[in-house]
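Student: Could we go through this structure together? I would like to begin with how its elements are named, and then turn to particular residues.

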Amino acid sequence: MASKLHAVLTLGRISNLPTIWTNCLAAWVLNRLGRDVPLFELPPADVAENLVFDPVQWVWILLGASLLYVSGTTLNDAFDEEFDRQHNTNRPIPAGVLPVGQVWIIGFAEMLGGAGILYFQVGVSPVYLALLCLAILAYDAVHKKWSGSVLLMGACRLFLWWTVATAGLEDGNGLTPLLIVWSIGLLLYIAGITFVARGEATGQYPTVPWPFVCLFIHVLLGFYFCINGGHWVALLIITPLAYFIYKGILHAREKGPGIGKGVALWLALITCADAAAVSLVAPAWGLALVAGFPLCLWMQKHFAAT
């Protein structure tokens, strides 16, 4: 029983859940505080005083988003059954811990549960929620067949941001320019990670530069907003973020297991990118979100991030 529970948690890549939680908080904060703010500008420094968190609502948001994430990673293994039997024999399905039929059932149950919670308990936009679920399924179905699927993986995070950002909004699908800019940056960041991660099983290192350029998109955005808006607290997060991204590149250059090590580090750094975004509008909250980074690293010691 314990081995099956561990297998379910492994399928869900639960070590990455802190990145989902910080995604939700960043999206919600940027969409609340970015109202009536022009593109590439920041709200006044005292706007964070208007933030009001409903603890019950946030329990539902984090639970629903977490279930959607683990559904995507679980169904990923179901779709990849044949590939894993050849290249990743330690995964729960080829290892014989869980039959593929059960994995399909678990994955779809998690997706329905997560979507149901976000729609009925939180009141998110049904349009963005549907796009999120479709992006998850589309990526799982085609990621081994189409190199452009890295954009679908990025779209999963983008639509997660857009979905959670609309939680409880009276204007339904309303998104602020600030949120749109950062969510597109997240899409590119995830696309870069995913492109490099495609070579993890084979040990192949990308020969094109664009994935590594995408990895620094949040650093570039952060520096722009710091210089343009004068919100220098964010530099306390952006500077080490840039360093650790580069450290991940050094790991990946070693090829073989080094690629997986670099990818795991970049995934954990999603929490810092979210923290940087929030620190531009609510410095105290942004600095608090940095705690997600060591939490991710600790969880990766017990459950594989990829």
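Tutor: Let us settle the naming. Helices are DSSP runs of H or I with at least four residues, strands are runs of E with at least two, and they are numbered from the N terminus. Please also bear in mind that this is a predicted model.

Student: Then where is Arg 13 found?

Tutor: Arg 13 is found in the loop between α1 and α2. α1 covers residues 2-11, and α2 covers residues 17-33.

Student: Is Arg 13 buried or exposed there?

Tutor: Arg 13 is buried, because its relative accessible area is 10% and the buried class takes anything under 20%.

Student: What about its backbone? What is the phi of Arg 13 near?

Tutor: Phi of Arg 13 is near 45°, which is a positive value in a residue other than glycine.

Student: And which side chain does Arg 13 meet in a salt bridge?

Tutor: The partner is Asp 77, with an N to O distance of 2.7 Å. Asp 77 lies in helix α3 (residues 55-79) and Arg 13 in the loop before α2, so the pair ties together parts that are 64 residues apart in sequence. Asp 77 is buried as well, at a relative accessible area of 2%.

Student: Which residues are linked in a network with that pair?

Tutor: Arg 91 joins them: Arg 13, Asp 77 and Arg 91 are linked in a network of salt bridges.

Student: How many salt bridges does a search of the whole structure find?

Tutor: The search finds four. Side chains of opposite charge can pair when their charged atoms come close. Another of these pairs is Lys 144 with Asp 80, whose closest N and O atoms are 3.2 Å apart.

Student: Where do Lys 144 and Asp 80 lie?

Tutor: Lys 144 lies in the loop between α6 (126-142) and α7 (149-165), while Asp 80 lies in the loop between α3 and α4 (81-87), so this pair ties together parts that are 64 residues apart in sequence. Asp 80 counts as buried at 5% relative accessibility, whereas Lys 144 counts as partly exposed at 41%.

Student: And which residue forms a salt bridge with Glu 81?

Tutor: Glu 81 pairs with Arg 85, the closest N and O atoms being 3.0 Å apart. The two are four residues apart in helix α4, which means that about one helical turn separates them. Glu 81 is partly exposed at 22% relative accessible area, and Arg 85 also counts as partly exposed, at 41%.

Student: Changing topic: how many cavities of 30 Å³ or more does the structure hold?

Tutor: There is one cavity of that size. The largest cavity has a volume of about 40 Å³.

Student: Which residues line the largest cavity?

Tutor: The lining is made by Leu 25, Val 29, Phe 53, Val 278, Trp 285 and Leu 289. The elements that give two or more residues to this lining are α2 (17-33) and α14 (283-289).

Student: How do the residues of that lining divide?

Tutor: Six are nonpolar, with no polar and no charged residues in the lining.

Student: Now the outside. Which residues make a nonpolar surface patch?

Tutor: Leu 39, Phe 40 and Tyr 224 make a nonpolar surface patch of about 280 Å². Tyr 224 is found in helix α10 (residues 217-229) and counts as partly exposed at 39% relative accessibility. Phe 40 is found in the loop between α2 and α3 and is partly exposed at 35%.

Student: What is the phi of Phe 40 near?

Tutor: Phi of Phe 40 is near 65°, a positive value in a residue other than glycine.

Student: One last pair of loops, please. Where is the place of Gly 168, and where is that of Ser 147?

Tutor: Gly 168 is in the loop between α7 and α8 (177-197), and it is exposed, with a relative accessible area of 51%. Its C-alpha atom is 6.4 Å from that of Val 124, although the two residues are 44 residues apart along the chain. Ser 147 is in the loop between α6 and α7, and it is partly exposed at 46%. The C-alpha atoms of Ser 147 and Val 281 are separated by 36 Å, with their positions 134 residues apart along the chain.

How values were computed:
Residues numbered from 1 in each chain as written. Predicted model: local features only at pLDDT ≥ 70, side-chain atom pairs only at ≥ 80, totals over all residues. Heavy atoms only, no water. 1 Å grid on protein atoms, 1.4 Å probe; cavity = no way out; pocket = protein on both sides within 12 Å on 5 of 7 lines; lining within 4 Å. Points joined across faces, edges and corners; volume = space filled by probe spheres on them. Nonpolar A, V, L, I, M, F, W, Y, C, P; charged D, E, K, R; others polar. Patch = residues over 30% accessible without salt bridge, like charges linked within 9 Å, V, L, I, M, F, W, Y side chains within 5 Å. Areas by Shrake-Rupley, 256 points an atom, 1.4 Å probe, with all protein chains shown as cover. Buried < 20%, exposed > 50% of the residue type's maximum accessible area, 1.4 Å probe, protein only.
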